[in-house]
There are 2 protein chains.
Amino acid sequence: MDRPLDNEDQLIERIARAVPSSRGVARSHDEVRLGIGDDAAIVAPNRTTEWVLSCDASLEGVHFLAGSYPADSVGFKALVRAASDLAAMGARPRLFLLTLALPTKRTGKWLDEFLRGMGRAARQLGMRLIGGDTTRSPTVSISITVLGEVARGLAVRRSGARPGDILYVSGRLGRAQLGLEMIRQGATNASASDRRLLQAHLYPKIRIELGEWLARRKMATAMMDISDGLSTDLARLCAASGVGARLWAERIPRVKIPIARTGLLRKRRLDPLRMALHGGEDYELLFTVPRKNVRRLRSAPGFAELTAIGEIERGKRITLVGADGRAKRLDPGGWDPFRGE
Amino acid sequence: MDRPLDNEDQLIERIARAVPSSRGVARSHDEVRLGIGDDAAIVAPNRTTEWVLSCDASLEGVHFLAGSYPADSVGFKALVRAASDLAAMGARPRLFLLTLALPTKRTGKWLDEFLRGMGRAARQLGMRLIGGDTTRSPTVSISITVLGEVARGLAVRRSGARPGDILYVSGRLGRAQLGLEMIRQGATNASASDRRLLQAHLYPKIRIELGEWLARRKMATAMMDISDGLSTDLARLCAASGVGARLWAERIPRVKIPIARTGLLRKRRLDPLRMALHGGEDYELLFTVPRKNVRRLRSAPGFAELTAIGEIERGKRITLVGADGRAKRLDPGGWDPFRGE
């Protein structure tokens with residue numbers, strides 16, 4: 001549909017058609033008692049679970065450029081980024097609310113593509129839209145509140161890491177930053193090889209099954225998702241737990257740079273280790289496992305993609321041990337919107 | 001504090017200090033198991049209640065002008081507007097999440113004032129902040145998700161109005177629009193008489209006690225808050241209920257225009273009835289009461305401020321009966337961000 005909107009109700013109608021939603025009064029036994037279309041949604045939570053809640057903004061010009069990003073990736077990523085905070089607690093994503101502010105020129109085809117991406121993410125994650133707010137604005141502005149469920153007492157916080165715990169990370173780090181650098185250089189989704197490299201930045205995968213598995217088995221003492229970069233997020237986990245950490249540089253799983261792209265990175269003074277340490281938006285899980293649990297980790301979903309990258313220590317220092325065995329202090333160098341002002 | 005920020009953690013620190021918040025792990029028996037400072041908040045709902053959820057955006061240039069609105073009113077109103085959707089269900093406001101995007105120039109004194117206003121609203125409403133997301137952006141962009149509680153099955157929806165029900169409204173309508181027109185003409189908070197007139201636009205009162213009272217006693221068959229104007233919101237209530245309505249123009253409680261301001265309104269072709277019918281942001285409650293309940297309404301909180309303005313009818317027409325007894329169709333004329341494009 002490339003027709004502009006006549007009114008707000010049409011917009012809500014289009015959202016509800018494109019994205020898995022709860023509308024009106026639900027069937028009995030549905031935890032959602034009332035969905036889209038009233039002043040608010042009503043939820044009657046299951047008695048054996050806790051609700052996990054988080055919200056996340058995606059703003060044009062800050063988190064994406066509406067002109068150079070595929071619209072479906074903006075919708076896909078906005079929801080996935082928010083749901084990643086649920087994975088980081090070991091919760092199962094269930095419901096979400098969407099605040100969507102749009103300029104008129106984005107209410108036609110762009111909106112359809114955006115909603116298609118968000119609908120795809122919602123189906124992959126098993127989430128339903130239960131409410132929101134829509135308005136017009138000069139730029140696209142999205143805020144998503146996600147609700148997940150976790151069995152009582154089993155959510156994994158940032159604050160439980162203890163000296164001696166082994167520090168793990170899922171996947172390879174720096175992949176999203178490579179994609180971002182390529183888009184800055186004008187790469188598009190056009191060629192198959194570019195598409196593969198852009199994937200991590202435009203359509204990130206998150207680790208719901210892994211997070212749930214770790215929580216349900218009480219395998220991890222602390223966990224978070226890496227959204228602002230390993231160096232920044234590890235500092236947060238350590239601060240919350242009152243501990244330090246020692247990272248082994250050689251062990252940190254990093255992006256493989258295609259030959260054709262090495263020039264681009266050299267120009268920006270980037271290398272795979274630096275991108276793995278400070279690049280943001282990988283949405284991989286960072287978690288700590290007591291030594292006694294390490295063997296049982298082998299049956300984790302996606303175990304082959306897990307890497308032990310260091311260990312938790314007493315004190316507050318975070319150090320990086322190089323290939324030469326020398327340790328130096330690792331300062332947070334990831335994304336902070338307000339740094340150094 | 002008029003110092004810019006060094007990092008995002010400082011911003012979160014300032015928010016948590018200024019606004020009633022749940023931080024870290026809660027005491028036992030607190031429904032909030034984990035508050036600000038982790039990937040997500042954890043809530044263990046009470047077993048006899050349902051949760052009511054809604055979200056609301058407040059954007060610079062759309063909902064307010066950061067230059068001409070007092071910063072504390074932006075913070076106050078952002079939360080109150082969102083909580084009004086809870087009042088409209090008969091729910092008690094409890095918790096909220098805040099997405100806050102700010103330009104650097106708003107991170108000093110403006111932010112302090114903004115948070116002071118939001119803190120005041122939170123204390124008045126008995127709400128606590130449990131999480132959120134902060135980032136930088138060229139203009140101020142706020143999205144708030146509110147959670148309220150209501151006894152199982154007692155939330156009042158839009159869809160229950162039946163022919164013969166009496167239609168009530170709280171307060172006087174059009175007050176917020178008068179304030180908006182005055183601000184457009186350059187009025188400030190400076191003089192005491194202006195301040196009183198601006199109050200409804202800058203620091204709206206919402207009807208939590210009334211909403212709860214109506215819900216708990218099953219007095220109302222349908223209810224919503226008037227945020228986009230009576231004509232627009234009544235059309236939504238009627239559509240959701242599958243009914244029509246007849247309004248008595250003479251009975252609609254409207255704003256009193258000070259002599260000094262009549263010229264301003266004439267220039268804009270506004271009059272009190274038009275403002276009462278189509279003016280937005282009054283956040284008064286619109287609700288329907290079966291005739292058998294009308295007498296019991298006398299013990300409602302703020303009963304003196306309630307007015308019967310019409311009745312629900314069969315069919316889908318909404319008509320306005322003038323002083324001369326003639327009925328004409330009332331079309332939605334309130335605020336719609338996407339109308340007529």
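# Exercises on a predicted two-chain model

In this predicted model, Arg246(A) stands opposite Glu311(A) of strand 11 of chain A.

## Exercise 1: Around strand 9 of chain A

Find the strands that pair with strand 9 of chain A, and give the sense of each pairing.

**Solution**

Step 1. Start from Arg246(A). Its partner, Glu311(A), belongs to strand 11 of chain A. Strand 9 (residues 244-248) and strand 11 (residues 306-313) of chain A run antiparallel, joined by four bridges.

Step 2. Move to Ala245(A). Its bridge partner is Ile318(A), in strand 12 of chain A. Strand 9 and strand 12 (residues 318-321) of chain A pair in the parallel sense, over four bridges.

Step 3. Sort the residues of strand 9 of chain A by face. Ala245(A) and Leu247(A) form the covered face. Gly244(A), Arg246(A) and Trp248(A) form the uncovered one.

## Exercise 2: A sheet built from two chains

Trace the open sheet of six strands and state which strands stand at its edges.

**Solution**

Step 1. Write the order: 1(A)-2(A)-3(B)-6(B)-4(B)-5(B). The pairing is mixed.

Step 2. Look at the ends. Strand 1 (32-34) of chain A and strand 5 (128-136) of chain B each have a single partner strand, so one side of each has no neighbour in the sheet.

Step 3. Add the twist. From one strand to the next, it averages 20°.

Step 4. Check one pair inside the sheet. Strand 3 and strand 6 (residues 141-151) of chain B run antiparallel, with eleven bridges between them. Ala57(B) stands opposite Ser143(B) of strand 6.

Step 5. Place a helix. Helix 2 of chain B lies across strand 3, strand 4 (92-102) and strand 6 of chain B. Its angle to strand 3 of chain B is about 140°.

Step 6. Look at another pairing between the chains. Strand 3 (residues 49-59) of chain A pairs with strand 2 (residues 41-43) of chain B, antiparallel, over three bridges. Here Val52(A) has Ile42(B) as its bridge partner.

## Exercise 3: How the chains meet

Describe the contact between chain A and chain B, and why the copies are said to meet through the same surface.

**Solution**

Step 1. Count the residues. Chain B gives 61 residues to the contact, and chain A gives 61 residues.

Step 2. Find the main contributor on chain B. Strand 3 (residues 49-59) of chain B gives the most to the side touching chain A: nine residues.

Step 3. Sort that side by class. It has 29 nonpolar, 14 polar and 18 charged residues.

Step 4. Compare the two sides. Of the interface residues of chain B, 100% are also interface residues in chain A, so the copies meet through the same surface.

Step 5. Superpose the chains. A rotation of 180°, with 0.0 Å of shift along its axis, brings chain B onto chain A (RMSD 0.0 Å). The two copies are therefore related as by a two-fold rotation axis.

## Exercise 4: The buried side of helix 5

List the buried residues of helix 5 of chain B and name helices that cover them.

**Solution**

Step 1. Helix 5 of chain B spans residues 192-202. Its buried residues are Leu197(B), Leu198(B), Ala200(B), His201(B) and Leu202(B).

Step 2. The cover over these residues includes helix 2 (71-87) and helix 4 (175-184) of chain B.

## Exercise 5: Chain A as a whole

Decide how compact chain A is.

**Solution**

Step 1. Chain A has nine helices and 13 strands. Its radius of gyration is 21 Å, close to the 20 Å that the globule rule gives for 341 residues, so chain A is as compact as a globular protein of that length.

Step 2. Of the 341 residues of chain A, 54% count as buried.

Methods. Residues are numbered from 1 along each chain as its sequence is written. Chains are lettered from A and ligands numbered from 1 in the order in which they are written. This is a predicted model: local features need pLDDT of at least 70, side-chain atom pairs count only at pLDDT 80 or more; totals for chains, interfaces and linings use all residues. A residue is buried if 20 or more other C-beta atoms lie within 10 Å of its own, exposed if 12 or fewer, and partly exposed in between; C-beta atoms are placed from the backbone. Two residues are in contact if their C-beta atoms, placed from the backbone, lie within 7 Å. Ala, Val, Leu, Ile, Met, Phe, Trp, Tyr, Cys and Pro count as nonpolar, Asp, Glu, Lys and Arg as charged, and the others, Gly among them, as polar. Two strands pair if DSSP finds at least two bridges between them. Axes are lines fitted to C-alpha atoms, for helices over the stretch in contact, and angles run from 0 to 180 degrees between N-to-C directions. Copies are superposed by least squares on the C-alpha atoms of residues with pLDDT of at least 70 in both. The radius of gyration is taken over C-alpha atoms; the globule rule is 2.2 Å times the number of residues to the power 0.38.
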